[in-house]
Amino acid sequence: YMFFRQQLKGYLKRIEQDRLSSDIHDMHETMERTQAYLKTWQGNTKGQQGSGDTEENLVIDLDQEMGNMLEAMHDVEANLMEMCSDTSEHATDQVLRAKSSHL
């Protein structure tokens, strides 16, 4: 049971890591496309007089959405940093226990 449990746990962990990697890649591509759209839009609107409240509201909405995405990414980063520090602390504890058991 323990052998298969460890194998299943490792398999599920690899699946989640692959999924996370894919999600990050998709997000990166989406951000690049968004940047290209904004540059194109900005280039098209330069030289035009204000087109009204609609474009201004669009810019405000886009700014708010980008702020939300950045906040979410900062949260993800903080969670990953916490996980990494927890993992390294756990590994350090295991090494210390192993060394002390040999003494």
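How many helices and how many strands make up the secondary structure of the chain? The chain has two helices and zero strands. The model described here is predicted. Helix α1 covers residues 2–45, and helix α2 covers residues 53–102. This briefing considers the surface of the chain, a nonpolar patch, the largest pocket and the salt bridges.

**Surface and burial**

- The chain has 103 residues, of which 1% count as buried.
- Its accessible surface comes to about 9,400 Å².
- Carbon and sulfur atoms account for 58% of that accessible surface.

**The nonpolar patch**

- A nonpolar patch on the surface is formed by Leu20, Ile24, Met73, Val76, Leu80 and Met83.
- Together, these residues have about 480 Å² of accessible area.
- Both helices take part, as α1 and α2 each supply at least two residues of the patch.
- Helix α2 provides the largest share of the patch, namely four residues.
- One member of the patch is Met83, a methionine found in helix α2.

**The largest pocket**

- As general background, rolling a probe the size of a water molecule over the atoms shows where empty space is left.
- In this model, the largest pocket has a volume of about 330 Å³.
- Elements giving two or more residues to the lining of this pocket are α1 and α2.
- The lining consists of Lys13, Glu16, Gln17, Leu20, Val76, Asn79, Leu80, Met83, Cys84 and Thr87.
- Helix α2 gives the most to the lining, with six residues.
- By character, the lining residues divide into five nonpolar, three polar and two charged.
- Leu20, Val76, Leu80 and Met83 belong to the nonpolar patch and also line the largest pocket.

**Salt bridges in helix α1**

- In general terms, side chains of opposite charge can pair when their charged atoms come close.
- Two salt bridges are found in a search of the whole structure.
- One salt bridge joins the side chains of arginine 19 and glutamate 16, at 3.0 Å from N to O.
- Arginine 19 and glutamate 16 are three residues apart in helix α1, which is about one turn of the helix.
- The other salt bridge joins the side chains of arginine 19 and aspartate 23, at 3.9 Å from N to O.
- Arginine 19 and aspartate 23 also both lie in helix α1, four residues apart, again about one turn of the helix.
- Glu16, Arg19 and Asp23 are thus linked in a network of salt bridges.
- Glu16 is also one of the residues that line the largest pocket.

**Exposure of the salt-bridge residues**

- Are the residues of this network buried or partly exposed?
- Arginine 19 counts as partly exposed because its relative accessibility is 47%, between the cut-offs of 20% and 50%.
- Glutamate 16 is likewise partly exposed, with a relative accessible area of 43%.
- Aspartate 23 has a relative accessible area of 39% and is therefore partly exposed.

Notes:
Residues numbered from 1 in each chain as written. Predicted model: local features only at pLDDT ≥ 70, side-chain atom pairs only at ≥ 80, totals over all residues. Heavy atoms only, no water. Patch = residues over 30% accessible without salt bridge, like charges linked within 9 Å, V, L, I, M, F, W, Y side chains within 5 Å. Areas by Shrake-Rupley, 256 points an atom, 1.4 Å probe, with all protein chains shown as cover. Salt bridge = Lys/Arg side-chain N within 4 Å of Asp/Glu carboxyl O. 1 Å grid on protein atoms, 1.4 Å probe; cavity = no way out; pocket = protein on both sides within 12 Å on 5 of 7 lines; lining within 4 Å. Points joined across faces, edges and corners; volume = space filled by probe spheres on them. Nonpolar A, V, L, I, M, F, W, Y, C, P; charged D, E, K, R; others polar. Buried < 20%, exposed > 50% of the residue type's maximum accessible area, 1.4 Å probe, protein only.
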